Structures are given as C-alpha cells and as structure tokens.
Amino acid sequence: MADLRVLVVDDEQLAREELCFLLGQTGGLEIAGQAKDGVEALRLTGELKPDVVFLDVQMPGLTGFEVARRLLVLDAPPQLVFVTAFDQYAVAAFSVNAVDYVLRP
C-alpha cells in the first residue's frame, strides 16, 4: 500500500518539526511538505497534492479555518486534521469536514 502524502501547516517551526517527527515514526506516511502560514499551505496543496493536511487553527494571515474552506471547494480536497493547543475550536473544525482534531500541549 502506498504511503499517504502529508502536508504539515503551522506558523511555529518547532511545532511543525515535532509533528513531522511524530508522524514519521508512525509509518505509512510521507511528509510531502511543510507550510508556515495559510497562503503557503494553499500553494503547496496545489503543488504537492497531499492526501492529508495537518492544520493549525491560529496563524497569521489566513487562519486554519479559512484555509479549510478554500480547500473544500477543490475537486478532490485533502483530508483535514486540525492540530492545535485550543480546545474551543473542535466543533468548528468538524463543521469544515475535519476528520480529526488533535490537542497538543
């Protein structure tokens, strides 16, 4: 079975690196790329065609929710997993078709 292609989006470099490390330990995933903000996330999604986007909620420029809404209009949108330190956005995440919502410390 082919690896799932993953894009990790977070404005904090250490958070991106840690998540990429953890995802790399699971197997079956290929880290296709990393984005530091929503604009870069949209560009890289178009270029890399990831299967899954791990997306922070609060970022400068476009929020994770703004990115998610723009990705949902694609013919074949990637699956979305929100990864954030804020639990109050969980319901909103599922309203934009997130497949999961992960709280980080």
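A residue is called buried when its relative accessible area is under 20%, and exposed when that area is over 50%. Keep this in mind while touring the structure, which is a predicted model.

Begin by selecting helix α2, residues 38-48, and colour its buried residues, which are G38, E40, A41, L44 and T45. Where do these residues lie around the axis of α2? They cover an arc of only 150 degrees, and therefore they sit on the same side of the helix. A general rule helps here: an α-helix has 3.6 residues a turn, so residues three or four places apart point the same way. Now turn to the other side of α2, where V39 and E47 are exposed. If you then show the surroundings of the buried residues of α2, you will find them packing against β1, β2, β3 and α3.

Next, select the strands, of which 5 form an open sheet in the order β2-β1-β3-β4-β5, with parallel pairing. Look at the edges, where β2 (29-35) and β5 each have a single partner strand, so that one side of each is left without a neighbour in the sheet. Looking across the strands, you can follow a twist that averages 20 degrees from one strand to the next.

Within the sheet, zoom in on strand β3 (residues 52-55), which pairs with β4 in the parallel sense over 4 bridges, and notice that L55 stands opposite F82 in β4. Helix α1 (residues 13-26) packs on the sheet, where it touches β1 (4-9), β2, β3 and β4, and its direction makes about 170 degrees with that of β2. Helix α2 also packs on the sheet, touching β1, β2 and β3, with a direction at about 140 degrees to that of β2.

Move on to β4 (residues 79-84) and β5 (residues 100-103), which pair in the parallel sense over 4 bridges, and find T84 opposite L103 in β5. Add helix α4 (residues 90-95) to the selection, and you have a right-handed β-α-β unit made of β4, α4 and β5.

Finally, which residues have the most contacts inside the largest nonpolar core? They are V9, V53, L55 and F82, in a core of 20 residues. At least two residues of this core come from each of β1, α2, β3, α3 (64-72) and β4, and α3 gives the most, with 4 residues. Apart from this core lies another, of 9 residues, which includes V8, L19, F54 and V81.

How values were computed
Residues are numbered from 1 along each chain as its sequence is written. This is a predicted model: local features need pLDDT of at least 70, side-chain atom pairs count only at pLDDT 80 or more; totals for chains, interfaces and linings use all residues. Side-chain values use heavy atoms; hydrogens and water are left out. Two strands pair if DSSP finds at least two bridges between them. A crossover is right-handed if, with the strands pointing away from the viewer, the path from the first strand over the helix to the second runs clockwise. Axes are lines fitted to C-alpha atoms, for helices over the stretch in contact, and angles run from 0 to 180 degrees between N-to-C directions. Contact means heavy atoms within 4.5 Å. A nonpolar core is a set of buried Ala, Val, Leu, Ile, Met, Phe, Trp, Tyr and Cys residues joined through side-chain atoms within 4.5 Å. Buried means under 20% relative accessible area, exposed over 50%, partly exposed in between (1.4 Å probe, protein chains only). The arc is that of the directions from the helix axis to the C-beta atoms.
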